[in-house]
Amino acid sequence: MKGLVVKNTGSWYVVKLEDGSMANCKIKGNFRLKGIRTTNPVAVGDEVVVEVKDGASYIVSIETRRNYIIRRASNLSKESQILAANIDQALLIVTLKEPVTNTTFIDRFLATAEAYNVPAVIVINKVDLLADEDEKEYLEAVKMLYETIGYKVVKMNALSGEGLDELRAVLVGKTTLLSGNSGVGKSSIINLVLPGLNLKTGSVSESHHTGMHTTTFSEMFELPEGGRVIDTPGVKGFGTIDFDKAEVAHYFKEIFAISADCKYNNCTHTHEPGCAVLAAVENHYISESRYSSYLSILEDSADDKYRKPF
């Protein structure tokens, strides 16, 4: 019998079967993703085949994935975590205060989405906390930066509902992965979109100004107006997986566009003469923060520099 994985607790999976019933399943067999070691061989969003034996349900195979989002597992440098599979878009929820989401984290997420052909949308939550003029100017600068590159940006205040209508329009009819640092308000936003769900929400650590985990597993929820959202545990950083260094520039839209004017076809945009990207950075056509994020993926050796939220 076929079904859709709607919840992953790490030890077992909830599968919505074709007849609409739910089955708690274990996995049977060895599922591998292109030789990559994963902490979760089956992910929310996977279409699977379920067999029942001796009263227990088992996932015995996974249908071919249309796409997926994957990141390096937090403390296991050789293992990875599939956040979700078969999604229409990824929604990255960020905050510019309490906690601060740094731009390297944002750019690594966006680059991964580009690499796996998943459209991405940025939601800036807790805009009400940005009270003084400098903070408001920074908010508009971040919004303009990513909109200029080509990403949709939604400003939100999950407490008041500001931005909710715009967000609903983004979500309707699509399967959407929600991700972000701990404490940015993913659960609060889902509670807004799905009143009555009452997901547990957390606070921000006073001492470290970082979010504390409230969601401990991934789960899919149906939207009444059509579509689905997948809530995922908050992450401290976003480690990229198996990027070919020659292709990293492809995952930064503005860098890729300008690289067509580089003198050399194999330009790494780090030191070569006649590099159009370096010239664009110097002339502020490409932001320094985006270029720094590009370099960090090229290096990708000092892991802790992007696992910290700020």
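Before I show any pairs, one cut-off is needed: a residue is called buried under 20% relative accessible area, exposed over 50%, and partly exposed in between. Please also keep in mind that what you see above is a predicted model.

Let me begin with K155, which has 25% relative accessibility and therefore counts as partly exposed. Its side chain meets that of E140 in a salt bridge, with 2.8 Å from N to O. K155 belongs to strand β10, residues 152-155, while E140 lies in helix α2, so this pair ties together parts that are 15 residues apart in sequence. E140, for its part, is also placed in the partly exposed class, because its relative accessibility is 37%.

How many salt bridges does a search of the whole structure find? The search finds 13 of them, and I will take you through two further pairs before turning to a network.

The next pair is D88 with R66, where the closest N and O atoms of the salt bridge are 3.4 Å apart. Distant parts of the chain are linked here, since D88 sits in the loop between β7 (80-85) and β8 (89-95), and R66 in the loop between β5 (56-62) and β6 (68-72), with the two positions 22 residues apart in the numbering. The two partners fall into separate classes of accessibility: R66, at 53%, counts as exposed, whereas D88, with a relative accessible area of 28%, is partly exposed.

Then there is E225, which forms a salt bridge with R168, the closest N and O atoms being 3.6 Å apart. This pair again links distant parts of the chain, 57 residues apart, with E225 in the loop between β12 (218-222) and β13 (228-231) and R168 in helix α3, residues 164-171. E225 is partly exposed because its relative accessibility is 34%, and R168 is partly exposed as well, with a relative accessible area of 25%. Beyond single pairs, K16, E222 and R228 are joined into one network by salt bridges that share partners.

Let me finish with charges that are grouped in another way. Which residues gather in a patch of negative charge on the surface? They are D132, E133, D134 and E137. Of these, D132 is found in the loop between β9 (120-125) and α2 (133-149), and with 39% relative accessibility D132 counts as partly exposed.

Technical notes. Residues numbered from 1 in each chain as written. Predicted model: local features only at pLDDT ≥ 70, side-chain atom pairs only at ≥ 80, totals over all residues. Heavy atoms only, no water. Patch = residues over 30% accessible without salt bridge, like charges linked within 9 Å, V, L, I, M, F, W, Y side chains within 5 Å. Areas by Shrake-Rupley, 256 points an atom, 1.4 Å probe, with all protein chains shown as cover. Salt bridge = Lys/Arg side-chain N within 4 Å of Asp/Glu carboxyl O. Lys, Arg positive; Asp, Glu negative; His and termini not counted. Charge placed at Lys NZ, Arg CZ, Asp CG, Glu CD. Helix = DSSP H or I, 4+ residues; strand = E, 2+ residues; numbered from the N terminus. Buried < 20%, exposed > 50% of the residue type's maximum accessible area, 1.4 Å probe, protein only.
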